Structures are given as C-alpha cells and as structure tokens.
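Trainee: I should be grateful for a close look at a single part of this model, followed by an account of what lies around it.

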Amino acid sequence: MNPDYLNQLINDHAVIEKALILLEKQSELGDKLNLPITKALLDVIWEFGEQCHNQREEKIYFPFLLEKGMPPQGPVAMMLSEHVSEREYIMQMKSMIEIFEATDDLPEKFKNTVIVYMDLTKNHIWKENDILYPMGRNFITAQDEAYLMDAFLKLEAETIGQGGFLRYQTLVNSLEIQSGGKIDLLASIPTSVIANMLDSIPVELSFVDADDRVRYFNKVDQEKIFTRSLSVIGRLVQQCHPQKSVHLVNQIIAEMKAGSRDSAEFWINFQNTFVHISYYAVRDSEGNYQGCTEMVHNVKPYRDLEGEKRLLE
Ligand SMILES: [Fe+2]
Ligand SMILES: [Fe+2]
C-alpha cells in the first residue's frame, strides 16, 4: 500500500499519461486534428501536468528529499533538467497550435515535437514511478507523509484551485470519450492471442452477458475444475446451475443489474482442491451492466505457501 502523497503523484502521472496518448492520436491526424480537443489536451499538460504536478515535485517533494539526505547530483538533478525540456516542448507545441488556429497551416514539425515530448515524458514518468519514488521512501517517515500530502493539496489549491486534480481527471476522461472512446489496449492484439492469453492463466473464466446468456469460457480443450462444454454457449446461466443454487444466481445477477452489488464470492472444498469461486459485474464507463464474469480458481497451492520466493529456480 502506498502512502497518500505517493498515490497522489502516481495518480497525477496517470492523468498526464492519458493526455499524452490522446495528444499522440490527434497529432497522427495531421491538419485534420480536432482543434478544441488538442488545445484542451495541451492545457491539461500545461496547467495540470506542469503547473500543478511538476511543481508538487519541484517546490515540495524534491527539496524535501534533498533536505532528508538524498544527494543533489542524483536522480533529482536529472528529473529537474527533464522538467525544463518538457516545458520547452510544451511551449513549442502550444505555439504551433496557435499558428494552426490563425493560419489553418499546421507546422510540419508538430507531429515530431509531440513524439519527442512524449518519449521524454513517458520515460520521465517511468523513472519516477519505478526508481525515484520507491528510492525516496527510504528518506521519508510516516510523519513526513502527512506533511507532504498536506503541502501537495495546498499547492493544488493555489495553482489550479481546490479539487483541481479531480476536475482535470474528469476532463481527460471526457476528452478520451470525445476522441472516439476509451483507449483500447486490446485493439492491436489479435483475438486468437487474447484467447491464448486467457487460457494461459491458472483460472477458469466465463462470461455471462446482460441477457444472462453464457457467451464465453476459457480453456475449452483443457481439463477444468467444473466441466463446461461448447453446448453451454448461448444458454441461460440459470440453466447451467443446479436447481438448489439457482435462487443465489438470480439474486447475485439481480443485485448486479440494480447496481447494489459488484461482486460475490464463495469457497468450497472440492475433491482434493480448495476452490474459490467469484463473480464480478462487468460495466461500461457509465456504469451500465454489461454482464458478469465468473472466476473459478483452485487456491490450495497458494494457501500452502510459506515464507518468500524471490529467485527463479
Ligand atoms: Fe517529474
Ligand atoms: Fe512526476
């Protein structure tokens, strides 16, 4: 579990990363890019990313680490110099978009500048999330954590207004929808690879759609804890459970559809295994019910684990 101040920095990065991906998408459209969306994304990157997030680091977090003993020539110096470059690129991108707005001519360098800025910022975020922030924890006590979070919120209120983080997070999510829908990480992976991916994990998955019909299960040709065969596809889920548990199935699904339940779990001794069975509501970004995922998992091997294993055998 991360302390609040660290979650804040990491969540800031998530907002910036989403804006970066959406900006890249716009830059690929050349002079067909959507001007209001592009301007709004650049505003997010400048107003939230630079004036709030980077300043949380420059004015509060980095000086604090140095004061607590982190050597000034170390990662902090590198992060500071990358912030300077980020600012330069943002200014360049903003002025190119201003030229486009005034003349209808998008400077040729725009797409390239977006790529260079993105590479720099993605790497920067990776270095902070994976190296600097974990390293920084060694210099920060539990009391410092509360001080840092408090200082972050004060800076947020001073720069982008109280509740600014949530406002920009909501804005980026709405720009994502306006840009053509939620970022689809699966779009570039063939369905056959996705199927193999779902078959590779030691968990039995099935999916029941919003009309209660079974639409998918993994490990079709593999041995499973609970037998499933292809003829189950298209059947009502109520017809796939023993009569004595149908009332439970109906209750879970009704509560998920009503929005009063997101998951349900059971565990049983079954033959020589200890089986964990869980159900998760699948919803779209507006919270509409799209179906239910069932996960069946023999957790006996995990319950038997002791100590730690950190090396590959
Ligand atoms: Fe940074
Ligand atoms: Fe950062």
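Mentor: In this predicted model, Asp209 stands opposite Gly291 in β5. Residues are numbered from 1 along each chain as the sequence is written, and chains are lettered from A and ligands numbered from 1 in the order of writing. Because the model is predicted, local features need pLDDT of at least 70 and side-chain atom pairs count only at pLDDT 80 or more, while totals for chains, interfaces and linings use all residues.

Let us widen the view from that position. The two strands concerned are β1, residues 204-209, and β5, residues 289-298, which pair in the antiparallel sense over six bridges. (Strands pair if DSSP finds at least two bridges between them; strands, E, of at least two residues and helices, H or I, of at least four are DSSP runs numbered from the N terminus.) Strand β1 is also joined to β2, by three bridges, and this pair runs antiparallel. Here Ser206 stands opposite Phe217 in β2. The hairpin of β1 and β2 has four residues between its strands, and Asp212 in this hairpin takes a positive phi near 70 degrees.

These pairings belong to an open sheet of five strands, in the order β2-β1-β5-β4-β3, with antiparallel pairing. Its edge strands, each of which pairs on one side only, are β2 (214-217) and β3 (263-270). From one strand to the next, the twist averages 15 degrees. Helix α8, residues 246-258, packs on the sheet and touches β3, β4 (273-283) and β5. The direction of α8 makes about 135 degrees with that of β5. (Axes are lines fitted to C-alpha atoms, for helices over the stretch in contact, and angles run from 0 to 180 degrees between N-to-C directions; residues are in contact if their C-beta atoms, placed from the backbone, lie within 7 Å.)

Now place this part in the whole chain. The chain is divided into domain 1 (4-178) and domain 2 (191-303), with bounds from an automatic or database domain assignment. The C-alpha centres of domain 1 and domain 2 lie 40 Å apart.

We may turn next to helix packing. Helix α1 (residues 4-27) packs against helix α2 (residues 35-67) at about 155 degrees, and their axes are 10 Å apart. The two helices are therefore roughly antiparallel to each other. (Angles under 35 degrees count as roughly parallel, over 145 as roughly antiparallel, 65 to 115 as roughly perpendicular and the rest as oblique.) Among the residues that make the contact are Leu9, Val15, Ile16 and Leu23 of α1 and Ile37, Leu41, Val44 and Phe48 of α2.

Helix α2 has a further partner, helix α5 (residues 142-159), with an angle of about 145 degrees between them and axes 10 Å apart. On the side of α2, the residues involved include Gln51, Cys52, Arg56 and Phe64, while those of α5 include Leu148, Phe152 and Glu156.

The last pair consists of helix α3 (residues 75-103) and helix α4 (residues 109-136), packed at about 155 degrees with axes 10 Å apart. That angle makes α3 roughly antiparallel to α4. Their contact involves, among others, Pro75, Met79, Tyr89 and Met96 of α3 and Phe110, Tyr117, His124 and Leu132 of α4.

Technical notes: Contact = placed C-beta atoms within 7 Å.
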